[in-house]
2 protein chains.
Amino acid sequence: MPSTPPEQVPDADAALVHGHQPPSTRVPLSRERIVATAVAFIDAHGLVDLSMRRLGTELGVEAMSLYRYVTGREELLDAVVEHLVTELAQDSEVVREPTHGWQDFTQRLAHGIRRIALAHPNAFPLVASRPGQAPWLRPPLRSLEWVELFLAGLVAEGFTRDGAVAAYRAFTSFLLGHLLLESSQAGADVGPLDVIGDTNADSTAESGAGQDKLAGQHPLLAELRPALSENHAASEFEESLENLLERLQRMR
Amino acid sequence: MPSTPPEQVPDADAALVHGHQPPSTRVPLSRERIVATAVAFIDAHGLVDLSMRRLGTELGVEAMSLYRYVTGREELLDAVVEHLVTELAQDSEVVREPTHGWQDFTQRLAHGIRRIALAHPNAFPLVASRPGQAPWLRPPLRSLEWVELFLAGLVAEGFTRDGAVAAYRAFTSFLLGHLLLESSQAGADVGPLDVIGDTNADSTAESGAGQDKLAGQHPLLAELRPALSENHAASEFEESLENLLERLQRMR
DNA sequence: ACCTGAACACCGTTCAAGT
DNA sequence: ACCTGAACACCGTTCAAGT
């Protein structure tokens, strides 16, 4: 391996970028680029497959280079979580103040977080499971900023301080339960591999002896299996959110 | 290292066990013993520290021996989840049939699962995050048997079949949100290390410049921090469960 | 039948060295 | 200033070999 400088691309790219430059594969590393690539990698291949070494090659660099920008794998994962939460601020449907009432405010926030969960089903479990900076910074609303906005919004709308805190707790646990279930359902095809394949295999292999055994020992399950397999996540989310808002109304 | 047979213990133990035997450290491996030890290890040291090699030495055996009983690390973790769910059946407060009404039945089940989560805060996230055998086997109620019992119980109490399915969905997402938050709060002292230490460090270091910055940028957060830090998990669980039962009542 | 030694491919992370 | 090579300690997993 001669130690040539990084290979130049045919010019086409470089011309588009600027006058002339090292190729786009050679844009310097940065913490932001590393984290964004990590998110994309998790989206594409699942959390399990993400290693410092693979992320390095994904960036056209040796793994050791990453340590200039993140202190280690753990911190990288924390940065991934932060990156995801940051998407909230870029969501134009989400509003930072309850200009149309606290219900509208809360609903927009909930939907914004749901969009993040569904956009990154393989990464969302990180938002749920990473230990937070403080026990009162509860997933999935994990940033100081958004917790402040949430509490301030409710207080501005007439909630007592204790009421706002109680609402924060109810809101987070509602979101966590729903979105974790929904995102795991959405992301099941990539994490442990071949779950999609199994589902199809089921409908052939299982309809043989497997389905019979299910029917024997778990008759109701066998009967309700089609109903259980239907996906009503969206409407359930709306209904539960509605119910939550009624509860919060009572806390006000 | 002479290839002597496994060392005998001083007799005291062996005498208690049977007449005379290889020492208790030499009881043969078994899948059950491996899984139980894995659960204990996770409880004690956290999931991250569990490796096949460490689990081996914990059992007084080389890591390779484990592969006679589990096909790999992934399957071991699945077995851990199964082991935890099995504890439900041994909980004498939990009842398999709604002999005192469906509310009592559902409540006992919820409390039983909560006890498991609180007994194994470091392992419970596995119950939440491991991909299930089927998408309709939702965490944290992950066994065919308990889902069957739940559905059958509600149907026996007058729920329509679709009502029972809807109740199952609402029940699982309620439990998941609450228990994941509660167990992560309970288990924060062991997973990533020194979170307990940080909490104390906070109250000294943070009350300096850190607290001021918090107060400046996030005034409400700074003010409500004590309220947010209080732990009302138990009463919130009861209240939310109560609310859930009312919702289920309406589904009936 | 049950366990192990040796080996393989892969990790995360460090540090001195290269450009 | 930024990246890399080499090295270390540790993984999961396999397979032929030991008892």
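A salt bridge here is a side-chain nitrogen of Lys or Arg within 4 Å of a carboxyl oxygen of Asp or Glu. One such pair sits within chain A, where the side chains of R96(A) and E145(A) meet at 2.7 Å, N to O. This pair links distant parts of the chain, 49 residues apart: R96(A) is in the loop between α4 (73-90) and α5 (102-119) of chain A, and E145(A) is in helix α7 (residues 144-156) of chain A. Helices (H or I, at least four residues) and strands (E, at least two) are DSSP runs, numbered from the N terminus. Over all chains, the count comes to 18 salt bridges.

This is a predicted model, in which local features need pLDDT of at least 70 and side-chain atom pairs count only at pLDDT 80 or more, while totals for chains, interfaces and linings use all residues; side-chain values use heavy atoms, with hydrogens and water left out. Residues are numbered from 1 along each chain as its sequence is written, and chains are lettered from A and ligands numbered from 1 in the order in which they are written.

**Confidence in chain A**

The pLDDT is the predictor's confidence in each residue, from 0 to 100. Chain A averages 85, and 80% of the residues score at least 70. Two stretches deserve some caution. Over residues 1-25 of chain A the pLDDT is below 50, and this stretch has nine contacts in the model beyond near neighbours in sequence. Over residues 190-206 of chain A the pLDDT is also below 50, with 14 contacts counted in that way. Contact means heavy atoms within 4.5 Å.

**Where the two protein chains meet**

Let us turn to the interface. In it, 44 residues of chain B are in contact with 44 residues of chain A. The size of an interface is often given as the accessible area lost when the parts come together. Between chain B and chain A the buried area (accessible area, 1.4 Å probe, that two parts lose on being put together, summed over both) is about 4400 Å², and carbon and sulfur atoms give 65% of that area.

How many salt bridges are there between chain B and chain A? The count is four. In one salt bridge, the side chains of E223(A) and R161(B) meet at 2.4 Å, N to O. A polar contact is a pair of N or O atoms within 3.5 Å; within protein, one must be able to donate a hydrogen and the other to accept it, and residues adjacent in sequence count only if both atoms are side-chain atoms. By this rule, 15 residue pairs are in polar contact across the interface of chain B and chain A, both residues being at pLDDT 80 or more.

On the side of chain B that touches chain A, the elements giving two or more residues are α7 (144-156), α8 (161-187), α10 (219-229) and α11 (233-251) of chain B. The largest share, 13 residues, comes from α8(B). By class, this side of chain B has 22 nonpolar, 10 polar and 12 charged residues. Ala, Val, Leu, Ile, Met, Phe, Trp, Tyr, Cys and Pro count as nonpolar, Asp, Glu, Lys and Arg as charged, and the others, Gly among them, as polar.

**Around the DNA strands**

A residue is near a strand if one of its heavy atoms lies within 4 Å of it. For DNA strand D, 16 residues qualify, and the closest are E62(A), S65(A), Y69(A), R53(B) and R73(B). Sugar and phosphate account for 54% of the atoms of DNA strand D that come within 4 Å of the protein. Helix α3 (residues 52-58) of chain B gives the most to this surface, with three residues.

DNA strand C also has 16 residues around it, of which R53(A), R73(A), E62(B), S65(B) and Y69(B) come nearest. Here sugar and phosphate make up 52% of the strand atoms within 4 Å of the protein. The largest share of the surface near DNA strand C, three residues, comes from helix α3 (residues 52-58) of chain A.

By class, the surface near DNA strand D has seven nonpolar, three polar and six charged residues; the surface near DNA strand C has seven nonpolar, three polar and six charged residues.

The table sets out polar atom pairs between protein and DNA.

| Protein atom | DNA atom | Distance |
|---|---|---|
| E62(A), backbone N or O | strand D, phosphate oxygen | 2.8 Å |
| S65(A), polar side-chain atom | strand D, phosphate oxygen | 2.8 Å |
| S51(B), side-chain N or O | strand D, sugar or linking oxygen | 3.5 Å |
| E62(B), polar backbone atom | strand C, phosphate oxygen | 2.8 Å |
| S65(B), side-chain N or O | strand C, phosphate oxygen | 2.8 Å |
| S51(A), polar side-chain atom | strand C, phosphate oxygen | 3.5 Å |

**Cis peptide bonds**

A cis peptide bond joins P139(A) and P140(A), with omega about -5°, and P140(A) is found in the loop between α6 (124-129) and α7 of chain A. In chain B, the peptide bond from P139(B) to P140(B) is cis with omega near 0°, and P140(B) lies in the loop between α6 (124-129) and α7 of chain B.
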